[in-house]
Amino acid sequence: ALAAGVQGFYMERADFAAEFTQEIERPNLPDRPLKKRGRVFFKKPGLMRWDYLEPDKVFYISDGEVLWNYIPESALAYKLLVKDSELFYALRFLYGEGDLKADFLVSAGAPEGGLSRLILKPRKDEQSFQEVHLLADPETFEIKETIVIDPAGNASRIRFTKLSYSPLKTKDFRFEAPKGVRVEDLSNPMVPPQ
């Protein structure tokens, strides 16, 4: 029921924006979590943008087909097909695509801070994550936090605040590398000679 509620909540909304804080806990450095902050935007169908603002500026921008990772300080941009980015592809239900129950093994977890917990385990082996926890408002089914656990046991917790469902502009999900920025195209890996 919780999975259906969460899925339904995001299917009914075309646009989503929020501020976020991210804290990454690492088993090998338990007293030194990484902390980041920024803004996130989703728009149907399949548009997504993460603007990391602190401590460093890093941008993830997708038009639904291509995912860009732009690092201004390094004057570098990576280009990747969305379907090749396991985590972003798996979480496509946030922008109105995909099916939680079809894409994941779904179970309920222990509630936390008044929020209900869904635990999502991929149905096939994933290299970038082991499971995703969604912490949702039990009455509205709005996701307030996500926790992604990677194969090394690192836990990345994202908390959303100042959530908005106002219309967003499609042009803000397009990326063109600024002049002088080196582009590494990971969408067409070189095929070794036979």
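Biologist: In this predicted model, is helix H1 largely enclosed or open, and how many of its 10 residues are buried?

Modeller: Helix H1 covers residues 2–11. The buried set is Leu2, Ala3, Gly5, Val6, Gln7, Phe9 and Tyr10. The rest of the structure therefore largely encloses H1, and the number of buried residues is seven.

Biologist: What covers the buried residues of H1?

Modeller: The cover includes a helix and several strands. Among the strands are S7, S8, S9 and S10, the last spanning 143–149. The helix, at 100–103, is H3.

Biologist: Which members of the largest nonpolar core touch the most other members?

Modeller: This core holds 32 residues. Helix H1 gives the most to it, with five residues. One H1 residue, Val6, is among the best-connected members. The full set is Val6, Trp50, Leu100, Leu134 and Phe160.

Biologist: Which residues is Val6 in contact with, leaving aside neighbours within four places in sequence?

Modeller: Val6 is one of the buried residues of H1. Strands S8 and S9 are part of what covers that buried set. Beyond its sequence neighbours, Val6 is in contact with Phe93, Leu100, Leu118, Leu134, Ala136, Phe141 and Ile143.

Biologist: How many residues of strand S8 are buried?

Modeller: S8 runs over residues 115–122 and is mostly covered. Strand S7 pairs with S8 in the antiparallel sense, and S9 also runs antiparallel to S8. Of the eight residues in S8, the number buried is seven.

Biologist: How many bridges pair S7 with S8?

Modeller: S7 takes in residues 104–112. Within the pair, Ala108 stands opposite Leu118. Two residues lie between the strands of this hairpin, and there Gly113 takes a positive phi near 55°. The count of bridges is seven.

Biologist: Which residue of S9 stands opposite Ser116?

Modeller: S9 spans residues 131–136. Five bridges join S9 to S8. Opposite Ser116 stands Ala136.

Biologist: Where in the chain do Asp15 and Lys43 lie, and how many residues apart are they?

Modeller: Asp15 and Lys43 form a salt bridge, with the closest N and O atoms 2.8 Å apart. Both residues are buried. Asp15 lies in strand S1 (residues 15–26) and Lys43 in strand S2 (residues 29–43), so the pair links distant parts of the chain; the separation is 28 residues.

Biologist: Why do Arg49 and Asp51 count as buried?

Modeller: Their side chains meet in a salt bridge, at 2.7 Å from N to O. Buried means under 20% relative accessible area. Arg49 counts as buried because its value is 19%. Asp51 is buried because its value is 11%.

Biologist: Is Glu112 buried or partly exposed?

Modeller: Glu112 meets Arg157 in a salt bridge, 3.0 Å from N to O. Arg157 has 18% relative accessibility, so Arg157 counts as buried. Glu112 has a relative accessible area of 28%, so Glu112 is partly exposed.

Biologist: Which residues do salt bridges with shared partners join into one network with Glu112?

Modeller: Glu112 sits in strand S7, and its partner Arg157 sits in strand S11 (residues 155–164), 45 residues along the chain. A search of the whole structure finds 13 salt bridges. Those that share partners join Glu112 with Arg117, Glu145, Arg157 and Arg159.

Notes
Residues numbered from 1 in each chain as written. Predicted model: local features only at pLDDT ≥ 70, side-chain atom pairs only at ≥ 80, totals over all residues. Heavy atoms only, no water. Buried < 20%, exposed > 50% of the residue type's maximum accessible area, 1.4 Å probe, protein only. Helix = DSSP H or I, 4+ residues; strand = E, 2+ residues; numbered from the N terminus. Pairing = 2+ DSSP bridges. Core = buried A, V, L, I, M, F, W, Y, C linked by side-chain atoms within 4.5 Å. Contact = heavy atoms within 4.5 Å. Salt bridge = Lys/Arg side-chain N within 4 Å of Asp/Glu carboxyl O.
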